[in-house]
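Could you have a look at this one with me? I went through it and jotted down some points to check against the coordinates.

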Amino acid sequence: MSFSKEYESFELDNELTIIEGEGGLPFINVENDFASGLISIYGAQLLSYKLKTTTASEESDLLFLSGKAYYEEGKSIKGGIPICWPWFGQDPEKRGRPAHGFARNMIWSLLETSSNKGAGTQIVLALSDSEATKKLWPHAFKLILTIDIGKTLKLSLTTGNTGEQAFSITQALHTYFAVSDINKTRIAGLEQAQYIDTIQAGWPLLIQQGEIIFQQEVDRIYTQSSALTLFDDGNNNSKNRQVNIQSKGSKTTVVWNPWAEISANSADLSDEAYQQFVCIETANAAEDVIEIVPNESFTIEVEYS
Ligand code: TA6
């Protein structure tokens, strides 16, 4: 039986069910020939993606999900792929509105689900302006997130301006990649790229020397979005793997690992959590601000393989 009548018509035989997830939130459970996935309709947040191997077993999760995550309306779920929108980072107007916007803290509508036998499962979710969003942000909009769960994982986020005035957004697909050991994790593709180091006072603009490695807290906004590769070189572990990241519509890549102190001081992360993930975010942030005029839309996309 479906979690609720409202979602029944979206279920797909032997492939997609709507279940009662953590905190009583509606979750979409996907299981197809290529992979499995779990999406929280609250936040339109993908929480899990596991590729199937040729031996019909599953690979370990591509995504990190904190064991201490909150599943409560008004709070964000720590892990998976949170949608940061319509602003990235702290409230740009410093009015005390939530960090990373409000899209990750709202129940979205499920618009469509479909099965494409040779390719996987497609899920389309939407969020439109409401009284609640207008209190935080005065604009009329339609946000559409399409998730393709197949041999690769694809996300596409389209912002439509349905109002009569232009608006500007910053945003990010704030992906938490699971890694077996942060000390053996590296990212290639941003060598010589410029980045803003948001940990240092004054946010200096620096140049990336070699691959990105992790030996302390890292919180950087790279002003470039090229093809990237995440290497998880942890040995004796099934997570030992390589993830290719291809994006469109983004001129910014955010790389974040909180390291030990922030992990220990975050109520929704365990003390050791920082060893198990790295965030690589396809974004429009810092100077990469997107203006959208009435009746126009803007799409950001990413594919992980
Ligand atoms: O994207 C990096 C970042 O902005 C960090 O500065 C850190 O705060 C992180 O996101 C997580 O933010 P959250 O609000 O989800 O705790």
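Here are my notes, starting with the kind of model and then going through sheets, backbone, ligand and cysteines.

1. First, a reminder that we are looking at a predicted model. Please read every distance and angle below with that in mind.

2. Let's begin with the open sheet near the start of the chain list of strands. The order is β1-β2-β3-β4, four strands in total, with antiparallel pairing. At the edges sit β1 (16–20) and β4 (45–51), each of which has a pairing partner on one side only. On average, neighbouring strands here are turned by 15° against each other, if you ignore direction.

3. Inside that sheet, have a look at β2 and β3. Strand β2 covers residues 26–31, strand β3 covers 35–40, and five bridges hold the antiparallel pair together. If you want one pair to click on, take Phe27, whose bridge partner in β3 is Ser40.

4. Next, β9, which I'd spend some time on. Which strands does β9 pair with? One is β8 (residues 141–150), running antiparallel to β9 and joined to it by nine bridges. Another is β23, again antiparallel, this time with eight bridges. The link from β8 to β9 is a hairpin, and two residues make the connection.

5. Two residue pairs help you find the register on either side of β9. Towards β8, Leu157 of β9 is the bridge partner of Leu145. Towards β23, Ser156 is matched with Glu301. As for cover, β9 spans residues 153–161, and seven of its nine residues are buried, so "mostly covered" is a fair description, given that buried means under 20% relative accessible area.

6. Now some backbone oddities. As background, most peptide bonds are trans, and most residues other than glycine have a negative phi. The peptide bond between Trp85 and Pro86 is cis, with omega at about 0°. You'll find Pro86 in the loop that runs between β5 (83–84) and β6 (109–116).

7. Two asparagines have a positive phi. For Asn14 the value is near 55°, and the residue sits in the loop between α1 (5–8) and β1. Is Asn14 buried or exposed? Asn14 counts as exposed because its relative accessibility is 80%. For Asn295, phi is near 65°, and the place to look is the loop between β22 (290–292) and β23 (297–304). Asn295 has a relative accessible area of 70%, so this asparagine is exposed as well.

8. On to the ligand. Which residues surround the ligand? They are Lys78, Phe88, His100, Arg104, His174, Tyr176, Asp219, Val254, Trp256 and Glu281. Three of the polar distances are worth checking on screen. Asp219 has a side-chain N or O atom 2.5 Å from an oxygen atom of the ligand. For Glu281, a polar side-chain atom is 2.8 Å from a ligand oxygen, and for His100 the corresponding distance is 3.1 Å. The ligand on its own would expose 390 Å², and the protein buries 75% of that area.

9. A small item on Ser266, in the loop between α3 (259–265) and β21 (277–284). A polar atom of the Ser266 side chain lies 2.6 Å from the backbone oxygen of Ile262. Ser266 counts as buried because its relative accessibility is 17%, and the cut-off for buried is under 20%.

10. Finally, the cysteines. How many disulfides are there? The count is zero. The cysteine sulfur closest to that of Cys84 belongs to Cys279 and is 9.0 Å away, too far for a bond, because a disulfide needs the two sulfur atoms within 2.5 Å. Looking from the other end, Cys279 is in no disulfide, and the nearest cysteine sulfur is that of Cys84. Cys84 is buried, with a relative accessible area of 0%. Cys279 also counts as buried, because its relative accessibility is 0%.

Technical notes:
Residues numbered from 1 in each chain as written. Heavy atoms only, no water. Pairing = 2+ DSSP bridges. Axes fitted to C-alpha atoms, helices over the stretch in contact; angles between N-to-C directions. Buried < 20%, exposed > 50% of the residue type's maximum accessible area, 1.4 Å probe, protein only. Near = heavy atom within 4 Å. Polar contact = N/O pair within 3.5 Å; in protein donor to acceptor, adjacent residues only side chain to side chain. Areas by Shrake-Rupley, 256 points an atom, 1.4 Å probe, with all protein chains shown as cover.
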